[in-house]
Each structure stands twice: as structure tokens, then as C-alpha cells.
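Good morning, and thank you for coming. I would ask you to keep the structure in view while I speak.

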There are 2 protein chains.
Amino acid sequence: MVTKCRNCPLRTRPIFEMMTENEVIFMQSFKNGELVVDAGTTIMMEASNSPQLYTALDGMGLRYKTLLSGERQVLNFVMPGDFIGLQAGVMHEMHHSVEATTDMTLCVFDRKRLWELFRDHPERAFDLTWIAAVEEHLLGESLAILGRMSGVERIARAFVRLFDRGAAIGATQGMEMPLPYKQQDLADALGLSLVHANKMLKRLRSEGTATWRNGRLIIHDYDRLCRIARLEKDATPVARPLI
Amino acid sequence: MVTKCRNCPLRTRPIFEMMTENEVIFMQSFKNGELVVDAGTTIMMEASNSPQLYTALDGMGLRYKTLLSGERQVLNFVMPGDFIGLQAGVMHEMHHSVEATTDMTLCVFDRKRLWELFRDHPERAFDLTWIAAVEEHLLGESLAILGRMSGVERIARAFVRLFDRGAAIGATQGMEMPLPYKQQDLADALGLSLVHANKMLKRLRSEGTATWRNGRLIIHDYDRLCRIARLEKDATPVARPLI
DNA sequence: CGTTCCATTGAAGTGGTTCAAGTACTGTGG
DNA sequence: CCACAGTACTTGAACCACTTCAATGGAACG
């Protein structure tokens, strides 16, 4: 049973830009189908050139790069509403891999029709560029985190960001949310060793700031977490387009 | 004396995608003028919303973020051919600052006309998205560098990347190129302290791999540098569009 | 000719890594 | 129903890559 764009549960969330009736109709025609994958599946492979582009509809995943040494750098976490495959769409190949952490459902678009979008729907093309710019901004922020912040600070920052994203798409219940990653994933995202990440998690837990256990993140003290993460607590997130 | 797009010295470099006659004409009409700034000028300010967009024509600069603590993370280095201000163009504001390191000349575009580009020139809009995707890819690579590589490795990597970019735009003479940054800039880009960056530079110098002095980078042993940087030496860089 | 900016170097301290071992849980086959 | 194998998490201990502090040298500049 494929979700119609009209009934897309993401579309109407305030974090996403409002779509006009026509846009919904176009997106529906642009949508090719749905892909359902098991946890652990590689959705897109570095250096490959996927014929399909996706938008995550349900479930969580992660983007990562593999270094020559075999180490892995997680670039960011994929949550519902995220567009996957832009690089494959415009450049000649992907420069990172995407993997499903949980079972996932993705909207499928045909790469070849991307050009149609640019030719006939400039507003949507604009949105796509917007998405790319947001992605760039997020990576820039991550870069600053890895470059300048300590272990606990990085973890606190990751928790705040993930929680805020979760809240934006309605994945939170109170001050909790599902966070189905492994400690190794987080460590790989933050440029920390597994051991050290584990110890910093323990610190946050035992001082009563945040607990991450059994795939669930519980924030006990959001203010303190923000302070540790060196974030001001205001931050009304800006709406972004959904494709 | 303003450079005509037709005579743009960058356009014909193999690193940039070929432009059709019509595209050159359109770019010329899109170009609003030129901006010439002194070394040290801030071209774009984080959280501002510049009415203008630029393409670097001559000179070098850098993009950076300022953290709440006042520290600075350099996101990357700006060289001729780089587009500046995409975030201001599509999002509501810039998320990083851009500063001229040397005197610079920039092509100026009117932000308000960006929409025209999307509406009437889908190929160019596509190119703009492409550029955003390239930017994203570069930041992803930087993230992996900061996350997983040691001090010397980071510096070696930066040198190879900068030299390759320099070669692509014809800024190199033999195995040398001008690199007018300060050690602090490099340290801020690589997430190292100034002191440590300095010591690693000394190591590369004294083992005869690369020397960076008086704003000039000299590579004595490119192969070794690549090995240190964990890069395979092939890497024909892909052509990218110029806007 | 002092001031300022940048590069350089030494010394001390530490945040993080690596190694190594142990626990806890889950699924699988006998 | 139990043994075991596999995976994730936890913890301690030793080490070292990097940071911070502090001082010096050299070039540029008014």
C-alpha cells in the first residue's frame, strides 16, 4: 500500500514548507514508487551511480564515507524527510554511502526525470538547491564540532540536534525519542573512539543530563545539555522544502 | 576595466565544463559588475543576507564559521572560480562568513535575479545545484579528515588538495604555487592548534616533503605527500560548472 | 626604533586512543 | 532447555598526540 503524496504524513509538518495543490500533484507524478528495505541494507553506495533518488519516508539511516584505511566517517543521520542521492543526480557519482539502520520506507524517484524537474518546475528545482545548501550548512556545522569541541560537548551537541530534528518530524514523545543507532555509529560521526564515546555517554547519564539506552534517547535536562553543547536554547528551526 | 565573460580566463580551463555561446551571453547579462576588495575584507558575513552573489575571479580567501566561544573554524579556502553566497541566495541567510585573504576581484550577481536563472535557464540552475553538491562533497571529505586523520596527515591532505586545485586553475608554476594564508588559517581549517600545526609543518619541511614559506607552497615529493595524506595519486579531477 | 604581527621552539599537562578483559543480551542448533 | 557464538556495551590501565602556556626571533611598518 503506497502512500499518496496527498496523504504524506511529513508534508504538513510545520518544519516543511507549505506545498501548493499543484506541487502535490507534480510530486505525485514524479514519485515512481516506494522502496522498503530491511535494517542493515545499503541503499546507496559510494562511487556508484544510482538510477534512483529517494526521500526517506519512514525509518532511520546514516550516510558515511569509507576511508582508504577502512575506517568509517559518518557524515550525518538520515531521518524521515531527508532527500537521498542528490550527488548521484547532479554529479557523476555518489561520494558517500547510505545505509538503513532500521527498516526503512523510501519514496523513489527516477534520476532521469530530474532534468524534467529543472526544465518544467523551476520552483521545485530551486527547492532542490535549497536542500543542497541546507546539507552543506549542516556539514559545515559538523566540521566546526569536530574541529573545535571536546568529547562530551560533541555528544551533547549531537543529542540536541537529533532531538530537535526528531521533534520537528514528530518522532519525540515528551523528552524521549527513538534513537536506534549503535554507540559505534555515534563515535564514527563525532570522530571519537568507541571507548571514549562510551565514557562520555556514561558521564552525561550519571550526572543526570541525558540517557541513551536500548535505542532510546531520554533527555533529563535539556538546558544543561544545550549549555554543554554550547548552543543557545532559542533556535526556532527554519522551515525547509520537502521533495 | 571589467572582464567580459567572453574573455574570462577561467572559463576555458579544462577543469570547468564547456559553455555554449548562449550560456556565455546569458552569464554576461547575469553579471552585474565586479567587486574589487583589499586583503582582509569580509565579503560576506555569517547570519547576514547579502543582496549580492559572487564568483571569485582573482585572489584567494576563506570561508569560516565563528563559534559562540569566539573560536573560528575555517570551512575551506576560496580560489578563483568558486561561487560565493549560494546559501544567501536560496536560504534566508548565510551560515558562514567569507573573507578575502589577498586582494580579490569578484564577479557580482544580483541575488534577486537568481530566480530568473531558475525560471529561464534550467541548465544553469542545474549547474548551480551541481555546485552545491560539490561543496557538500568537499565538506564531507573535510569532515572525514578531521574525524579520522592525524596532524601530519591532515596537513599533507590539505597541501595535496590545495595544490591540485591550484593546478586546475593554472595557479601553479612547476611544483610550486602561491599560498598566501597564515599558519593560523590552516590550523583553524584542520582542527589543530597553531603550535601543533607549526610542528607538523616543520616535520614535512625537514624530511623534504613540502615547504610552505612566505606565502608559497613548494612540493618536493608529491608521491610521499600523497602517501602521507592517504590519497591515491591518480585522481583526474572531474570537471565542474562555472557560474 | 619601538610596535605589531607572524613564525618558531621548549616544556608541562591532558584529553583522547589503544589494548585488553569482562558483562549482558539474543539468537541458533543440538 | 541448555550450550555457544555473536554482537553490543562497559570498564580499567597504559600510553601518546595534541593542547596550552610561555618565551624568543624575525620581518614589516609607521
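A residue is called near a molecule or strand when one of its heavy atoms lies within 4 Å of it. The model is a predicted one, in which local features need pLDDT of at least 70 and side-chain atom pairs count only at pLDDT 80 or more, while totals for chains, interfaces and linings use all residues. Residues are numbered from 1 along each chain as its sequence is written, chains are lettered from A and ligands numbered from 1 in the order in which they are written, and side-chain values use heavy atoms, with hydrogens and water left out.

Let me begin with DNA strand C. Which residues come nearest to DNA strand C? There are 15 residues around this strand, and Gly151(A), Ser193(A), His196(A), Lys182(B) and Gln183(B) come nearest. Of the atoms of DNA strand C that come within 4 Å of the protein, sugar and phosphate account for 70%.

I turn to individual atom pairs, where a polar contact is a pair of N or O atoms within 3.5 Å; within protein, one atom must be able to donate a hydrogen and the other to accept it, and residues adjacent in sequence count only if both atoms are side-chain atoms. The side chain of Lys182(B) has an N or O atom 2.9 Å from a phosphate oxygen of DNA strand C. For Arg213(B), the distance from a side-chain N or O atom to a phosphate oxygen of this strand is 3.3 Å. Lys199(B) has a base as its partner: an N or O atom of its side chain is 3.4 Å from a base nitrogen of DNA strand C.

Helices (H or I, at least four residues) and strands (E, at least two) are DSSP runs, numbered from the N terminus. Helix α7 of chain A and α7 of chain B each supply at least two residues of the surface near DNA strand C. The largest share, 5 residues, comes from α7(B). By residue type, this surface divides into 3 nonpolar, 7 polar and 5 charged. Here Ala, Val, Leu, Ile, Met, Phe, Trp, Tyr, Cys and Pro count as nonpolar, Asp, Glu, Lys and Arg as charged, and the others, Gly among them, as polar.

Next comes DNA strand D. It is surrounded by 15 residues, the closest being Lys182(A), Gln183(A), Asn198(A), Gly151(B) and Ser193(B). Of the strand D atoms within 4 Å of the protein, 73% belong to sugar or phosphate, and the rest to bases. Three side chains place an N or O atom beside a phosphate oxygen of this strand: Ser193(B) at 2.8 Å, His196(B) at 3.0 Å and Arg213(A) at 3.4 Å. Which helix gives the most to the surface near DNA strand D? That helix is α7(A), with 5 residues. The residues of this surface divide into 3 nonpolar, 7 polar and 5 charged.

We may now consider chain A as a whole. Its secondary structure comes to 8 helices and 11 strands. The radius of gyration, taken over C-alpha atoms, is 18 Å, close to the 18 Å that the globule rule (2.2 Å times the number of residues to the power 0.38) gives for 243 residues, so chain A is as compact as a globular protein of that length. Along its principal axes, the C-alpha trace of chain A spans about 55 × 40 × 35 Å. Buried residues make up 57% of the 243 residues; buried means under 20% relative accessible area, exposed over 50%, and partly exposed in between, with a 1.4 Å probe and protein chains only.

Two residues of chain A deserve a closer view. Is Phe159(A) buried or exposed? Phe159(A), in helix α5 (residues 151–168), is buried, with a relative accessible area of 1%. Leaving aside neighbours within four places in sequence, its contacts (heavy atoms within 4.5 Å) include Leu179(A), Leu186(A), Trp212(A) and Leu217(A). Phe159(A) and Leu217(A) are 58 residues apart in sequence, and their C-alpha atoms are 8.1 Å apart in space.

Asp188(A) is found in helix α6 (residues 183–190) of chain A. Asp188(A) is also buried, at 7% relative accessible area. Its side chain is joined to that of Arg148(B) by a polar contact of 3.3 Å. Not counting residues up to four places away in sequence, Asp188(A) touches Arg72(A), Gln73(A), Val74(A) and Arg148(B).

Thank you for your attention.
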